[in-house]
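Biologist: I am new to this structure and would welcome a close look at a single part of it. Would you please describe that part and then place it beside what surrounds it?

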Amino acid sequence: MISIEALLSDYTLQIVTLGSAMLGVVSGVLGSFAVLRKQSLLGDAVSHAALPGIVFVFLLTGIKQTEMLLLGALISGLLGTLIIISIDRYTRIKFDSALGLILSSFFGLGLVLLTYIQKIPNANQAGLESFIFGQASTLLKRDVYIMIALGTIILLIVGLLWKELKIFSFDPEFAQSLGFPDKKINIILSSITVVAIIIGLQSVGVILMSALLIAPGVAARQWTDQLSVMVILAATFGLMAGVLGTVLSSLVENMPTGPAIVIVISLIVFLSLFLATKRGLLWRHLQMRKNSRAINEERVLTALYQLALNHDDIYHAHQTAMLNPGEAITRKADKNIVNSLHALRAKGYVRSDYFDTWAITDAGIEQVSRIMVENGGEEL
Amino acid sequence: MPKYLIEVEDMTVAYEKKPVLWDIDLKIPKGVLMAIVGPNGAGKSTLIKAMLDLVKPISGKVLFNGADYHSQRRYIGYVPQRESVDWDFPTSVFDVVLMGTYGQIGWIKRPGRKEKEKALDAIKKVGMEEFIDRQISQLSGGQQQRVFLARALVQDADIYFMDEPLQGVDARTEKAIIRILQKLRTNGKTVVVVHHDLQTVQEYFDWVTLLNTKIIKYGRVEEVFNEDNLKITYGKIV
């Protein structure tokens, strides 16, 4: 364990964290589109399929030069994706089967090659396995500069083609009819997504890279119904995960960065799923309960009013059981009615005369006529 | 000046072995409101998509005003099937309608004030101004259909292709949409509509194409929309 203070003033860590921050932002932005286009799993395939490429390049060259390794990753990642798409198009095998098949076979090949490498005497091979789970601290200053340059280019492209990406993600056919060919936009979007995945491999690793791509978009979607807000939020979540994950992994010795980043982003996803104000589970539950309570109150008040209509004395008090005619009174239904009556009394719409008997008030009658007008103007 | 606004010649489309459309010849004059009817799987949507170059035909060509589709795209509007998109997409009514202006703006540039006014106008035309900021998943089927219609109106086209714009809408919305389509025709536009309901063909449209992989008949409703032709189109069931 290193003290946080010493950590924050560590120049190497600052540089590395900067790289992770950029990676998080880019992943969040591009992942939003992947989530909306229901292509979350393709990123998983690309990153897994990249492993044999990395190891193969090292076998050929014998040195660990980031650019060359990532070039190998790019080629085998694209090759894997191409095979998946071809299987889906030209055979009767479905997309998800093709994906599972290629993803695991490429990854398996990568692991076999990696094991083979570890058997040959070469001092350089150490650290190659950090591509599996990622290790941000292995990033060189130069690597980070490359990440920042590529990330900036990607963000620029997204900014310039914002309108095109939006219409393509929502309605590719209509986009094409307007003169924005879906093939062209698809190639652009897929290419920059693949680049983002590749530059993330060293710090997040081939297994967990797709989580950093998808999770920020999923979390952001819970909070908003606007694409621009969603993308900005996803970028922010990605940035938080990148930075916190990197710091976390450098606090604990030998902790790979990928899992640390994924833990942070998963936390953000779960919090969003439950607490988000637009689509969060908790919020939706509360909203539904509020709605059903309001409807129940209206129902009880209307029933009371109808009972009153059958009496000479409108303000005649009735027993609770009378308010649920024709229905078997279960304990729960009974409780709901009593709860509604208490709420109505608090609002002044009903009065409780004696024990368990209830009467409507003038304010209540007024409220009933309002309810009836709202529900399509039933005759009073 | 060609006599017909839209001409389809010898068009055949096949996805797999079996042709979906077989040797289609179709000439549509300017200023008609035409229904395409036929049984399920007759290729109605495919016909529209092939004319819009969204589906590549094996053979044949389509001419608009005597020229090919790409040079005339600016004058052609499209309403896809409502089910073709994910209505849970994070966007609002206004945003979707604004998309109709994207074709006029071209690549990279953003919609400006002029485009936003156009979108607002179209939203008013379909009576959706109350829902302008609403997220699109909160709309009913009829409202979604009206949003798609508004998006096409914004295109300010001369020719409109619509894929089942009356699908899943209530009677009142149906009447409202038909009024808009008829007004388009009155203004000299040409509107081609994939339609499901045989009962209303005579009331709503002035031209009709009876389709079942091949074109059975097309022309003025009063000339071709009769029991004999419908029997050929739908088999013996009608």
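Modeller: The buried residues of helix H1 of chain B are Lys44(B), Thr46(B), Leu47(B), Ile48(B), Lys49(B), Ala50(B) and Met51(B); a residue is called buried if 20 or more other C-beta atoms, placed from the backbone, lie within 10 Å of its own. H1(B) spans residues 44-51, and 7 of its 8 residues are buried, which leaves the helix mostly covered. Helices (H or I, at least four residues) and strands (E, at least two) are DSSP runs, numbered from the N terminus. The model is predicted: local features need pLDDT of at least 70 and side-chain atom pairs count only at pLDDT 80 or more, while totals for chains, interfaces and linings use all residues. Residues are numbered from 1 along each chain as its sequence is written, chains are lettered from A and ligands numbered from 1 in the order in which they are written.

After H1(B) comes Asp53(B), with a positive phi near 65 degrees.

Strand E3(B), residues 33-37, is also mostly covered, with 5 of its 5 residues buried. Its two faces are both covered: Leu33(B), Ala35(B) and Val37(B) lie on one side, Met34(B) and Ile36(B) on the other. E3(B) runs parallel to strand E7(B), residues 190-194, and 4 bridges join them; strands pair if DSSP finds at least two bridges between them. Within this pairing, Ile36(B) has Val194(B) as its bridge partner. E3(B) also pairs in the parallel sense with strand E8(B), residues 207-212, over 4 bridges. There, Met34(B) stands opposite Trp207(B).

Chain B also touches chain A, through a contact that takes 17 residues from chain B and 20 residues from chain A (C-beta atoms, placed from the backbone, within 7 Å). On the side of chain B, 11 of these residues are nonpolar, 4 polar and 2 charged. Here Ala, Val, Leu, Ile, Met, Phe, Trp, Tyr, Cys and Pro count as nonpolar, Asp, Glu, Lys and Arg as charged, and the others, Gly among them, as polar.

Within chain A, the axes of helix H11(A), residues 209-221, and helix H12(A), residues 227-251, come within 8 Å and cross at roughly 130 degrees. The contact between them involves several residues, including Leu212(A) and Pro216(A) of H11(A) and Leu233(A) and Phe237(A) of H12(A). By class, the residues of this contact are 9 nonpolar, 2 polar and 1 charged.

Note on methods:
A residue is buried if 20 or more other C-beta atoms lie within 10 Å of its own, exposed if 12 or fewer, and partly exposed in between; C-beta atoms are placed from the backbone. Axes are lines fitted to C-alpha atoms, for helices over the stretch in contact, and angles run from 0 to 180 degrees between N-to-C directions. Two residues are in contact if their C-beta atoms, placed from the backbone, lie within 7 Å.
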